Amino acid sequence: MDFTPSEEQTAAQGLAARIFGDLSTHERLTAAGTGTDAELWKELCAAGLPAAVEDVGLLGLVLVLEEQGRTTAQVPLAATCVYGLLAVAAHGTPEQRERLLPGLRDGTAVATGAFPARGGVHIAEDGALYGSVPWVPWLRDATHVLVADAERGLWIVRTGDPDVTAVPVETTAPWSAGRLVLDGVRGERLGNGQPGAYADVLATARTAFAGLQAGVCAGSLARAVHHTVTREQFGRPLSTNQGVLLRAADAHMDTEAIRVTAYEAAWRHDEQRACEAQALTAAWWASEAGKRVVHAGQHLHGGTGADLDHPVHRHFLWGRQLDAYLGCGGEVLEELGLLLAHSSQEGAS
């Protein structure tokens, strides 16, 4: 394995770090409330970051999403890239790629996904889609939704269709989420119904959102380090207390575990190797370790961490939301165990 980023990946990460650092400030995030920072999204698209994902691959996307997570920037970058650009590029027909990718590249189209499939959407005899999904991230911004039916077929649904309803839902993190209701909509099948498309998109999503969690945790820890180094108690910095040092060290190791497992899953995906188990591993670390890190970040701020308006609280909210979105540790671990057991049985036979 070689996680050394290419020149293009390094350039994309550096550009993302500069844009997010300059524009995703505490003041702008406060002004955005629970909605998307539309100006920041325009800036990212004008800089060509979404479009670059097709060239830098999933590992490049993970590096870019780390930078988003550090600042908890409120833009639908992960959803558009995973459920739009990468899904269509990998599994769409030539006609779909020609028609859909330009808008996703320049930001005039925004994609999200009703993932994972939980049996809430089914196909009627006439081919129409019915059902609902309790909440879908960035649905209020989306022009297209990638929907997985009960049989794990993939469908592209336009949110502007009269048979599609997006009911605003407020989640733990401000992700412009909504409840998706399909009432006989005629969806467009992604590609030609190739087997394995659902599993590939799901593994890609888990890896990408794990990378986002790595950035959220890194940002939370950086704030905690700054606070404990600069805040004094009894004439010395808080960071000189052994308990503080140990808590911060544990958070650092957890953050690195999230990062390296996300890198491995992304690298294997880009190398066209099996990565389903690695994506689940990354999701488990992002869920379980992510919770520990954002809790530690808030606790190390002491009483300041209890202030809901403090920037570190936003990392806490994102960390808990990503934990829920990735499936929570126990659920992910069960799925990983079943996958490994199935693989072992196949190997024995």
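Residues are called buried when their relative accessible area is under 20%, exposed when it is over 50%, and partly exposed in between (1.4 Å probe, protein chains only). Welcome to a predicted model, in which local features need pLDDT of at least 70 and side-chain atom pairs count only at pLDDT 80 or more, while totals for chains, interfaces and linings use all residues. Residues are numbered from 1 along each chain as its sequence is written, and side-chain values use heavy atoms, with hydrogens and water left out.

**View 1. A salt bridge within helix α6 joins Arg-99 and Glu-95.** Helices (DSSP runs of H or I, at least four residues) and strands (runs of E, at least two) are numbered from the N terminus. A salt bridge places a side-chain nitrogen of Lys or Arg within 4 Å of a carboxyl oxygen of Asp or Glu. For Arg-99 and Glu-95, the distance from N to O is 2.7 Å. Helix α6 spans residues 94-106, and the two partners sit four residues apart in it, about one turn of the helix. Arg-99 counts as partly exposed because its relative accessibility is 34%. Glu-95 is partly exposed too, at 44%.

**View 2. Arg-118 reaches Glu-331 across a long stretch of sequence.** Here the salt bridge measures 3.2 Å from N to O. Arg-118 belongs to the loop between β1 and β2, whereas Glu-331 is part of helix α11, so this pair ties together parts that are 213 residues apart in sequence. With a relative accessible area of 59%, Arg-118 is exposed; Glu-331, at 40%, is partly exposed.

**View 3. A salt-bridge network includes Glu-66 and Arg-259.** Five residues make up this network through shared partners: Glu-66, Glu-67, Arg-70, Glu-256 and Arg-259. Look for the side chains of Glu-66 and Arg-259, which meet with 2.8 Å between N and O. Glu-66 comes from helix α4 (residues 49-71) and Arg-259 from helix α8, 193 residues apart, so that distant parts of the chain are linked. Both of these residues are buried. The structure has 16 salt bridges in total.

**View 4. Trp-135 pairs with two other aromatic rings.** Rings of Phe, Tyr and Trp (its six-membered ring) pair if their centres lie within 6.5 Å; planes under 30 degrees apart count as stacked, over 60 as edge-to-face and the rest as tilted. There are ten aromatic pairs in the structure. One of them is the tilted pair of Trp-135 and Trp-175, at 6.5 Å centre to centre with 45° between the planes. Trp-135 is in strand β3 (residues 129-136), and Trp-175 is in the loop between β6 (164-168) and β7 (178-185), 40 residues apart. Trp-135 is partly exposed at 25% relative accessible area, while Trp-175 is buried at 1%. The rings of Trp-135 and Tyr-325 are also tilted, because their centres are 5.5 Å apart and their planes meet at 55°. This pair links strand β3 to helix α10, across 190 residues. Tyr-325 is buried, with 9% relative accessible area. Ring pairs gather Trp-135, Trp-138, Trp-175, Phe-209, Trp-318 and Tyr-325 into a cluster.

**View 5. Four strands form an open sheet with mixed pairing.** Strands of a sheet pair through backbone hydrogen bonds, either parallel or antiparallel, and here two strands count as paired if DSSP finds at least two bridges between them. Follow the order β1-β4-β5-β8. At the edges stand β1 and β8 (188-189), each with a single partner strand, so one side of each has no neighbour in the sheet. Between them, β4 (residues 144-148) and β5 (residues 154-158) run antiparallel and are joined by five bridges. Leu-146 is opposite Ile-156 of β5.

**View 6. A cis peptide bond and two positive phi angles mark the backbone in three loops.** The cis bond joins Phe-115 and Pro-116, with omega about -10°. Pro-116 is in the loop between β1 (111-114) and β2 (121-123). Gln-272 has a positive phi of about 60° although it is not a glycine. Gln-272 sits in the loop between α8 (242-270) and α9 (276-299), and at 76% relative accessibility Gln-272 is exposed. Cys-328, also not a glycine, has a positive phi of about 70°. Its place is the loop between α10 (311-325) and α11 (329-348), and Cys-328 is partly exposed at 35%.
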